[in-house]
Amino acid sequence: MNKLLNRRNFLKGGLATTAAAAVLKNSDTQAAGHFDGYPDSMGVLVDLTRCVGCRSCEAACNKEQQLPEPAKPYDDFSVFDEMHHGQKRRTDETRYTVVNRYDVPEIDHPLFRKIQCNHCAEPACLTSCFVNAYTKTPEGAVIYNPKVCVGCRNCMIACPFYIPTFKFSHAFTPRIMKCIFCYDTRLKDGKAPACVEACPQEALTFGKRTEVLEMGKQRIRMTPGKYVNHVYGEHEVGGTAWMYLSSVPFDKVGLDTHLPNEPIIYSVKDFLAMVPMVLTIWPGLFVGFHLLATRKDKIKELEDAKNKKNDEKEEQV
Amino acid sequence: MKLFSKERPEIPIVNHLKEDGTEWTIKEKLWLGLSVSEYKKQFIRNPVNWLMVFIFAIGVPLIIGRYIFGLGWVTHASNDYPWGLFLGFGLFGMVPLSASGFMLGTTVELFGRKDFHSIERLALLNGLLGYFFAVLFLEVDLGMWWRLPYPMFVSLGPAAVLFLVAWHVATYLSVQIAEVLPSFFEWIGWLKGKRAIRKWVLGLTVAGIILSTLHQGALGALFCYAPGKVHPLWLSVNFQWLHFFCSSIFAGLSMVIIASTLIKNFMAWRCDDEFLDNLDYVTIGMAKGASLAMITYLCIKIVAVAHDQEWSYLLTGWGTYYFLELGIAVVLPMCMFAVGIRKHYVTLIRFGAFIAAFGIIWNRLNTSLICFNWQMYQDIPHWKEVWITITLYSLYFLTYRFIVYRMPIVYEWKGER
């Protein structure tokens, strides 16, 4: 009886402690960290209503990043009709940014959208990389270190925007190729990336992310009916440095509108949280199973030893 | 070998000593106790070897080409489909089929089911080789394959799922080597080493369970990085690791049933009576375990659909394909196992195991290739990619056969143990 009461008390105590812990939990302490992005990081607002598809940004990027000369010159607009596996042009090892044309039936003129790395606040490529090849700099760029990359291409699986590309054609010097926000040559000195500087239409606006976001919202407010009431990239996958304004729904210009508002790593946190539990619980649990499963052998062993002792005693008597 | 084993009493080798009392040398053991001309004769007579020669004649130059001209030369892996058949089959398919080591290790060493002892070593070997070749597949697929140790020692990204996979596969590979070493030590006759490992067996087994739970699960969790790319029916962010872990249980068991069936039918000369006499009994036992895992798997697959509210997807074409996969890959072999267990139709169980193993590979290919980028276009692997995959798998088969021919895996060493 005494034992039972003790256990009951113990359970009560345990419950009380748990409840206390739940109530007293400090609101500042959050599980596994939440990152809203660096406060002074830079961003770019892309206004699709202003882009005319001149491809100046593509040319500027090519020159700045010293990428190979393209097969067709930048004033050849037949590239907008190129299709590969039924898909429009995308980034690859020779181009960090491309502009695509979208013919939207509701409006009388085509829209153009520039693709490049969106430089997420909490990038999927970075969080999926097992050799820390990616860095999110305080300036806002997501940069890549080819010296440690092993070429597993998990970042390409993880990126919700299909941005990182791989040099599949190189056996000895393969690497990931992606837009780095002109970090080395411009951004770290506070300068706008080459593509933004080259834009003749001011379709691209460079500035502090918080400020260009505010500017985007202001444009929506000031010109009612012109824009869809959303800045794409404000919340998508935890927020991105590059954001879009559009006059038509974003899925009409090839942007994925089903992306979660949490960073991609949130989908993986369930599993990651389970890992230390398995590491710590399994040893005790399974050694326990072993003791349970082999208990009969043990009992038999003990009884045999006892019988043997008794036999010996009897013999002595 | 069948021929020689009938003609000559000392073959196959099961003992350190020959008939005349002298010891076999390691070299003689490697040659299976045959002279070079006899070895050649048995090699040429076996049609499987000719098939292997044909596969390797084309496959080896292709593999060399991959290291000279790059991945682009042999695969259709692209910026949209970064992972192709090497990982889809070689890593995601081979690893669950190699869960056998920890399954039988747990059954025999941890749960004390000594009645499964006769199959334990085959299961351990099956596990070790499967993992080893999964790493080999990875080495063909990695862009900078010479940097394989980087995630361990050079640049660590411990918050990534792949980091877990890398560390767990590496440590588990070491654990499995330790678990298979006793057979090797018996064979070379170094008993000290065997006894030293014997002391560690419980620790190794528990380590095996931990590492297996985590990295089988981690392979599934890798796809949680692509919630927008994998078809929702094949991806459950909350339960993916459980799906992968649970299905690896019946995958591993089915693979041991397959291996033992092949050995029983084509390598009976190598088996001892204990192995052959017990085989039907342990096959039924493993089928019981596998069918329990299968029904659990089916339930948690449905739970995932319910949890993510994906019922409407079941009515689409993808839903039909989903049912087709579950029906052929899980329900059919499960029913075959059930009938086989009740009526003691061991042959039915063996056929079921083949279907279940095929089903697991199908499921992993669905997740990594077929239902990946489901809103985009379908990637079809390059023929060279398929050929290299077959070549590596053939190498796996040859290594497997090489070891089972020699080491005490399906027979008990008659000499000092």
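Domain bounds here come from an automatic or database domain assignment. On that basis, chain A of this predicted model splits into domain 1, covering 42-262, and domain 2, covering 263-293. The C-alpha centres of these two domains of chain A sit 39 Å apart. Where they meet, domain 1 of chain A puts in eight residues and domain 2 of chain A puts in four residues. On the domain 1 side, that contact is a mix of four nonpolar, two polar and two charged residues.

As for the overall make-up of chain A, there are eight helices and nine strands. Of its 317 residues, 38% are buried. Looking at contacts in chain A between residues at least 6 apart in sequence, 63% link residues at least 24 apart.

Confidence varies along the chain. Chain A has a mean pLDDT of 88, with 89% of its residues at 70 or more. Among its elements, strand 9 (residues 242-245) comes out highest, with a mean pLDDT of 96, while helix 1 (residues 2-24) comes out lowest, at 51. Two stretches of chain A stay under 50: residues 1-5 and residues 22-31. For residues 1-5 of chain A, the model has zero contacts beyond four places in sequence, and for residues 22-31 of chain A the count is again zero.

Helix 2 of chain A (residues 56-64) gives a closer look at burial. Its buried residues are A:Ser56, A:Cys57, A:Glu58, A:Ala60, A:Cys61 and A:Asn62. The cover over these buried residues includes strand 2 (98-102), strand 3 (111-115) and helix 5 (194-198) of chain A. After helix 2 of chain A comes A:Gln66, which has a positive phi, near 50°.

Turning to how the chains meet, 50 residues of chain B are in contact with 52 residues of chain A. On the chain B side, the elements giving two or more residues are helix 4 (47-69), helix 5 (71-74), helix 10 (150-154), helix 11 (161-188) and helix 13 (201-221). Helix 13 of chain B supplies the largest share of that side, eight residues. By type, the chain B side breaks down into 37 nonpolar, eleven polar and two charged residues.

Chain B also holds a helix pair worth describing. Two packed helices are described by the angle between their axes and the distance between the axes. Helix 15 (residues 273-307) and helix 16 (residues 317-343) of chain B pack at about 140°, with axes 9 Å apart, and their crossing is left-handed. From helix 15 of chain B, the residues taking part are B:Ile284, B:Ala287, B:Lys288, B:Ala290, B:Ser291, B:Met294, B:Ile295, B:Tyr297, B:Leu298 and B:Lys301. They meet B:Leu326, B:Val330, B:Met334, B:Phe337, B:Ala338, B:Gly340 and B:Ile341 of helix 16 of chain B. The residues of this helix-helix contact in chain B comprise 13 nonpolar, two polar and two charged.

One more residue of helix 15 of chain B is B:Leu292. B:Leu292 counts as partly exposed because it has 15 C-beta neighbours inside 10 Å, whereas a buried residue needs 20 or more and an exposed one has 12 or fewer. The C-alpha atom of B:Leu292 is 9.5 Å from that of B:Ile249, with the two residues 43 apart along the chain.

How values were computed:
Residues are numbered from 1 along each chain as its sequence is written. Chains are lettered from A and ligands numbered from 1 in the order in which they are written. This is a predicted model: local features need pLDDT of at least 70, side-chain atom pairs count only at pLDDT 80 or more; totals for chains, interfaces and linings use all residues. Helices (H or I, at least four residues) and strands (E, at least two) are DSSP runs, numbered from the N terminus. Two residues are in contact if their C-beta atoms, placed from the backbone, lie within 7 Å. Axes are lines fitted to C-alpha atoms, for helices over the stretch in contact, and angles run from 0 to 180 degrees between N-to-C directions. A crossing is left-handed if the near helix is turned anticlockwise from the far one by less than a right angle, and right-handed if clockwise. Ala, Val, Leu, Ile, Met, Phe, Trp, Tyr, Cys and Pro count as nonpolar, Asp, Glu, Lys and Arg as charged, and the others, Gly among them, as polar. pLDDT is the predictor's confidence in each residue, from 0 to 100.
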